[in-house]
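Me: Can you walk me through the hollow spaces in this protein and what sits inside? Keep it simple, please.

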Amino acid sequence: MAVLDPLLQPYRLKHLTLRNRIMTTAHEPAYPEDGMPKARYRAYHAERAKGGVALTMTAGSAAVSQDSPPAFNNILAYKDEVVPWVKDLADAVHEHGAAIMIQLTHLGRRTRWDKNFWLPVVSPSLHKEAAHRAFPKRLETWDIERIVKDYADAAERMQAAGLDGIELEAYGHLMDQFWSPLTNTLEAPYGGSLDNRMRFSFDVLTAIRARVGADFIVGVRCVADEVIDGGLTKRDGFEIARRLKDSGMIDFLNIVRGHIDTDAGLTDLIPIQGMASAPHLDFTGDLRAATRFPVFHAARIEDVATARHAIATGKVDMIGMTRAHMTDPHIVRKIMAGEEDQIRPCVGANYCLDRIYQGGAAYCIHNPATGRELSQPHEIEPALVKRKIVVIGAGPAGLEAARVAALRGHAVVVLEAAAQAGGQLRLTARSPRRQAMMGIIDWRMRECTARGVEFRFETPADEDDVRALDPDVVLIATGGSPHTEVLTSGNEFVVSTWDIIAETVKPGADVLLFDDAGDHAALQAAELIGRAGAKLEVMTPDRSFAPEVMAMNLVPYMRSLQQLDVTFTVTYRLRIVSREGDHLLAIVGSDYGGVRKERRVDQVVINHGTVPNDELYFALKPRSRNLGKLDHTRLLAGTAQQATANPSARFELYRIGDAVAARNTHAAIYDALRLVRTF
Ligand SMILES: Cc1cc2nc3c(=O)[nH]c(=O)nc-3n(C[C@H](O)[C@H](O)[C@H](O)COP(=O)(O)O)c2cc1C
Ligand code: SF4
């Protein structure tokens, strides 16, 4: 059957045969070291090639010029030393039968001048980009000439490195900053008419072709409708695509729709959870029909059925499943093996993309092996010695522990106090927009059940229950409970964001939400409070609100909260709450000192992370072989723990996730994977 699958049909692009129709589009996970794609980078792409993807478009925005400073740790394609690194990368991918290309760009104004060489950023206008905040220098002719040469030099380097082709980035970057009337205020010959605004692109393509010849594959990833007032329309975009094709200098188009100069624009172009699936696929199909040219596309095609539909209906020639491959690098292998139902689902959390700016490297919220291929496995090896493992708690940490232990071949029992698995994620998923987060739980439940993990729900475990199971290892994954005891006095008058989210407490009419954690729970509760018709002030001692939510994840919240009666107050700290008649009096200070303000409200909600649910851990600790000790050196080296502190005891004891300290879903799952894979 698999042979008839449209997704598994080969595709011929010029002289290159791609083994199926699935690709990963350019994405810079911010893994380069010194601007070079070294061992970590190689391992990341090799894993996806091994998993069956046909084409991996490496890098994202590899910089062709010195005045295109890496906005998010991009590859420096303007350096000659890049060639051997890219060659190693290409060899590693080719070894597994996949094709490999690279995306080259000049970021124009979409970066910052205070990086690398502190050269001014350049653009065809003085207009600043909201997202990166640099005021650009308006390009002079000598800038254009040197950048055109830089593109050709970089293309030649990539050809020398043995890549199968290159793609030029033309959405939000310098190339289309020339195209768009919003960002090009130059006079002729590079500004004014569409002919003039496309002149730079054709100069670049002409210079590249002169260098790499006619056979090397060159494509353009281009915007075909900016979807913004005054910007490029669909008509403009289709015309640009037609002209690019008719130039005879390119071999494929990779189509995007929208604009990326703001967080909101970027999020519409690359939608996250709660937003429409495949929103630009039909548009791309129209463009393919209009141009009759090889077309690639990616934008939230997160499941195989949608990808198959895209190919079967002829909307695209190659379909991008980029974040889907960050979550599960072995999608194609699983399709071919008839194991589609085992694919780890991308839940659209966008932890990956948001982190390239804020966290310094892309990680998948529920696959901690991604980006850590050198130290963490995507496939779990069976253990030599089988053991009995008891896991307490069926949240993300507990379920990951159970999954990995079962794959190691151990006998696993999970005891969970609640009636269902999920822990804190079940609260998160109460937001209709974030229901996809349950994919993290549901996939693990399926995997665990298929591997014989025994679940006992509504089973709050005590010390005797655990010991009665006679385990070799006990893992405490009991999570945490809301921490609201943060005031100098008046803690008894407050409720937690969890009370609001779980709807065990109704929102008041005039509410102060004090957010000292800066995470999703505060904004999720704020939405519920605002939607109930309340007047709400969200106050934080931080310099900006919701710092842990990050840029693209903030977009849907702001779209909702800005419609409601919600104000945000930064740099103030709630200190005291007292009752005053039928109101609460809140005394507010500041970490900067010398401030005393008052608020009279009828409800105070606190968001301050969690305190660990660690009673069972401390009860079991004196009776465990290791006295609860986790050897960090062994953990980080990926070797088994040595539980020798209390040799007469029967079981080892560890705790993971928020049962240790309040962190996040990724941290909880990573705790579990790296420990349990050594059992
Ligand atoms: C971590 C990360 C970095 C990205 N960097 C780039 C980039 O440099 N250039 C680019 O054209 N697209 C970039 N993208 C966008 C992807 O190519 C793709 O368009 C997007 O993820 C939507 O496809 P998907 O829903 O299949 O993930 C990036 C995506 C991610 C997740
Ligand atoms: S972090 Fe979320 S969006 Fe990104 S790859 Fe993982 S599941 Fe997908």
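**Ligand 1 and the cavities**

Me: Which residues come nearest to ligand 1?
Reply: Bear in mind that this is a predicted model. The shell around ligand 1 counts 21 residues. The ones that come nearest are Thr 25, Ala 26, Ser 61, Tyr 171 and Arg 300.

Me: How many of the residues in the shell around ligand 1 are charged?
Reply: Let's sort the shell by class. Ten of its residues are nonpolar and seven are polar. That leaves the charged class, with four.

Me: Which residue has a polar side-chain atom 2.8 Å from an oxygen atom of ligand 1?
Reply: Some contacts of ligand 1 go to the backbone: a polar backbone atom of Ala 26 is 2.5 Å from an oxygen atom of the ligand, and one of Glu 28 is 3.2 Å from a nitrogen atom. The contact you're after uses a side chain instead, and it belongs to Arg 323.

Me: And what share of the exposed area of ligand 1 does the protein bury?
Reply: Start with the ligand taken alone, when it exposes 600 Å². Now put the protein back around it, and the share of that area that gets buried is 97%.

Me: Which cavity is the space taken by ligand 1, and how much space lies in it?
Reply: The structure holds three cavities of 30 Å³ or more. The space taken by ligand 1 is the largest cavity. The space in there comes to about 620 Å³.

Me: Which residues of the lining lie nearest the centre of the largest cavity?
Reply: The lining is made of 43 residues. By class, 24 of them are nonpolar, eleven polar and eight charged. Nearest the centre lie Ala 26, His 27, Tyr 171, Ile 270 and Leu 353.

Me: Which elements each give at least two residues to the shell around ligand 1?
Reply: One is a strand, E4 (55–63). The others are helices, and they cover 322–327 and 351–358. So to name them for you: E4, H11 and H13.

Me: What about the second largest cavity: which elements each supply at least two residues of its lining?
Reply: About 90 Å³ of space lies in this cavity. Its lining includes Arg 323, Thr 327, Tyr 351 and Cys 352. Arg 323 and Thr 327 fall in the range 322–327, and Tyr 351 and Cys 352 in 351–358. The elements are H11 and H13.

How values were computed
Residues are numbered from 1 along each chain as its sequence is written. Chains are lettered from A and ligands numbered from 1 in the order in which they are written. This is a predicted model: local features need pLDDT of at least 70, side-chain atom pairs count only at pLDDT 80 or more; totals for chains, interfaces and linings use all residues. Side-chain values use heavy atoms; hydrogens and water are left out. A residue is near a molecule or strand if one of its heavy atoms lies within 4 Å of it. A polar contact is a pair of N or O atoms within 3.5 Å; within protein, one must be able to donate a hydrogen and the other to accept it, and residues adjacent in sequence count only if both atoms are side-chain atoms. Accessible areas come from the Shrake-Rupley method with a 1.4 Å probe; for residues, only the protein chains shown count as cover. On a 1 Å grid over the protein atoms alone, a cavity is a set of points where a 1.4 Å probe fits but cannot get out, and a pocket is an open set with protein on both sides within 12 Å along at least five of seven lines; lining residues have an atom within 4 Å of a point. A molecule sits in a cavity or pocket if more than half of its atoms lie within 2 Å of its grid points. Helices (H or I, at least four residues) and strands (E, at least two) are DSSP runs, numbered from the N terminus. Ala, Val, Leu, Ile, Met, Phe, Trp, Tyr, Cys and Pro count as nonpolar, Asp, Glu, Lys and Arg as charged, and the others, Gly among them, as polar. Grid points are joined across faces, edges and corners, and a volume is the space filled by probe spheres set on the points.
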